[in-house]
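Biologist: I am new to reading protein models. Could you walk me through one, feature by feature?

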Amino acid sequence: MRLGAAALALAMGAAAGGCHRGPPDGIALVGATVIDGRGGPPQRDMVVVTRGHLIESVTPRDGFHMPRHTRKVDATGKFVMPGFIDAHAHVERWALPRYLAYGVTSVRDMHGTLDSIMDLREKASLNAFTSPRIYSAGAMIDAAPATYPNALEVHDNSEARKAVDKLAVKGVDYLKVYTRVTPPMLHAIVDEANSFGLRVAGHLGLTDAVTAADIGIRSIEHMSGVPESAGDAAPLYAAHEKSFFAGWTAFEKSWAGLDSAALERVARHLAQKNVILVPTLVLHELYSRLDDPAVLRAPWLAAVPPVARTRWNVPDMIARAGWGPADFAAFRRSRPNQDLFLREFLRAGGVIAAGTDASNQMLVPGFSEHQEMELLVRAGLTPADALLAATHDAAVLLGADSIGVVAPGKAADLIVLGRNPLDNIQNTQSIERVVVRGQLFAVDSIRRSW
Ligand SMILES: [Zn+2]
């Protein structure tokens, strides 16, 4: 035993000596105000030290001694917080550096082509390229006839269970069901998912939100299924049966006519069932303004490569959806009730996560996360609550306790802001540096790389 201990001491000494000569493996962000991501009070004049992939320490500058082997970065007067999490994304390779440049260090992918998205997640985790962390549902499960050709299309409950098994074997992080899934099928999916410990998220159509909550869905995307619970569901189900766009259009318009007491009842029910909402207000807001030429020419669209913008083909989408000026006006009339519903949900103790639906049409990966936070504040959240939705609460949704928080032992995924986001939520855009997996980047250098 004593020999072993001596050998260990020797080995440690050798390691320390090697350390001294090697390149720094740590970063010290010195002098910043720390916003911890968990809603704690901001702490002024702190030092955050990272080592490898992790946060090593978070301490006051007063009395701090620089550890060896650590690169010092002056962050005096700046704000350090966890990197943002986009809680509803459709990840593509080109989008990855955009996310980082806008301070998004984790994305919750909600559907793609199964093998390619799993491959992308694998490469990102191996650091094959500079990327946020990718969590993924793989491919969505939808009932026949499926909306998207790359969905897992199922005809009955037994096929639905097999789809869950297939996704579990592929190693997805959670499951996503789509608009054509009915309550009995959702029941089968949630039951099968439980046997793998997988959570189920839903963009609902033929199942209303309250029923989905009672069946055991973990999160509801886009506030889908809420009008079906709060108002007359029959015409909405008829529209969902007809086509995806018919369903979406009817759903979106129906909000304007919903009764506030009914919305409050649904909000309370979902909160009691611990359903997390990913409202994607930026999607609702943008699609209500597609007839505004300024929206189509917004300067932030320059971050999207021409090939992706061509693929977006917004005029074609509008034509396929059959939207005209009266539809956009109706979508805009629905926005106040969507915001009201979120306020009621929050008041009932519900948890909201900030997600965007990027990189679908007009939603710029990374930038749209800031738009979402701004819209959450406009809906009635405090800036502190909006930050929580984009950090800790989105991490809760992912079941990932190592991200979305600044604390020793947690992931070294951080951003350095020039201005205080608690004063004005638009200050989330004042990003100067990004740390992901312990690697430090200046935002300008990421921008130069695309
Ligand atoms: Zn989506």
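Modeller: Gladly! Let's begin with a term: helices and strands are DSSP runs, at least four residues for a helix and at least two for a strand, numbered from the N terminus. With those names we can place a residue: G112 sits in the loop between β7 (104-109) and α3 (114-125). Keep in mind that this is a predicted model.

Biologist: Is G112 buried or exposed?

Modeller: A residue is buried if 20 or more other C-beta atoms lie within 10 Å of its own. G112 has 22 C-beta neighbours inside 10 Å, so G112 counts as buried. Leaving out residues up to four places away in sequence, G112 touches H90, V91, I117 and A139.

Biologist: How far apart are G112 and Y148 in sequence and in space?

Modeller: They are 36 residues apart in sequence and 9.8 Å apart in space, C-alpha to C-alpha. Now try another pair: R268 and A246 are 22 residues apart in sequence and 28 Å apart in space, again C-alpha to C-alpha. R268 belongs to helix α10 (residues 260-272). With 16 other C-beta atoms within 10 Å, R268 is partly exposed.

Biologist: How do I read two helices that pack together?

Modeller: Two packed helices are described by the angle between their axes and the distance between the axes. Here, the axes of α9 (residues 244-254) and α15 (residues 325-347) come within 7 Å and cross at roughly 45 degrees. The two helices are therefore oblique to each other.

Biologist: Which residues make the contact?

Modeller: From α9 there are T249, E252 and K253, and from α15 there are D327, A330, F331 and S334. Sorted by class, this contact has 2 nonpolar, 2 polar and 3 charged residues.

Biologist: What about the domains?

Modeller: The domain assignment gives domain 1 (25-81 + 408-448) and domain 2 (84-398). Their centres, taken over C-alpha atoms, are separated by 30 Å. Each side puts residues into the contact: 20 from domain 1 and 20 from domain 2. On the domain 1 side, the elements giving two or more residues are β16 (431-436) and α19 (443-448). That side has 11 nonpolar, 5 polar and 4 charged residues.

Biologist: How many residues does the largest nonpolar core have?

Modeller: It has 136 residues, and those with the most contacts inside the core include L29, I141 and A394. At least three residues come from each of domain 1 and domain 2. Another core, of 5 residues, lies apart from this one; among its members are L236, A239, F244 and F251. For a view inside the 136-residue core, pick I141: beyond its neighbours within four places in sequence, its contacts include A151, L175, Y178 and I189.

Biologist: Which backbone features should I look for?

Modeller: Most residues other than glycine have a negative phi, and most peptide bonds are trans. Against that background, look at the cis peptide bond joining A144 and P145, where omega is about -5 degrees. P145 lies in the loop between β9 (141-143) and β10 (152-154). A cis peptide bond also joins A358 and S359, with omega about 5 degrees, and S359 is in the loop between α15 and α16 (367-379).

Biologist: And where can I see a positive phi?

Modeller: Go to the loop between β13 (219-221) and α7 (226-230), where H222 is found. Phi of H222 is near 65 degrees. M223 is in the loop between β13 and α7, and its phi is near 60 degrees. H222 is buried, with 23 other C-beta atoms within 10 Å; M223 is buried too, with 24.

Methods. Residues are numbered from 1 along each chain as its sequence is written. This is a predicted model: local features need pLDDT of at least 70, side-chain atom pairs count only at pLDDT 80 or more; totals for chains, interfaces and linings use all residues. Axes are lines fitted to C-alpha atoms, for helices over the stretch in contact, and angles run from 0 to 180 degrees between N-to-C directions. Angles under 35 degrees count as roughly parallel, over 145 as roughly antiparallel, 65 to 115 as roughly perpendicular and the rest as oblique. Two residues are in contact if their C-beta atoms, placed from the backbone, lie within 7 Å. Ala, Val, Leu, Ile, Met, Phe, Trp, Tyr, Cys and Pro count as nonpolar, Asp, Glu, Lys and Arg as charged, and the others, Gly among them, as polar. Domain bounds come from an automatic or database domain assignment. A nonpolar core is a set of buried Ala, Val, Leu, Ile, Met, Phe, Trp, Tyr and Cys residues joined through C-beta atoms within 7 Å. A residue is buried if 20 or more other C-beta atoms lie within 10 Å of its own, exposed if 12 or fewer, and partly exposed in between; C-beta atoms are placed from the backbone.
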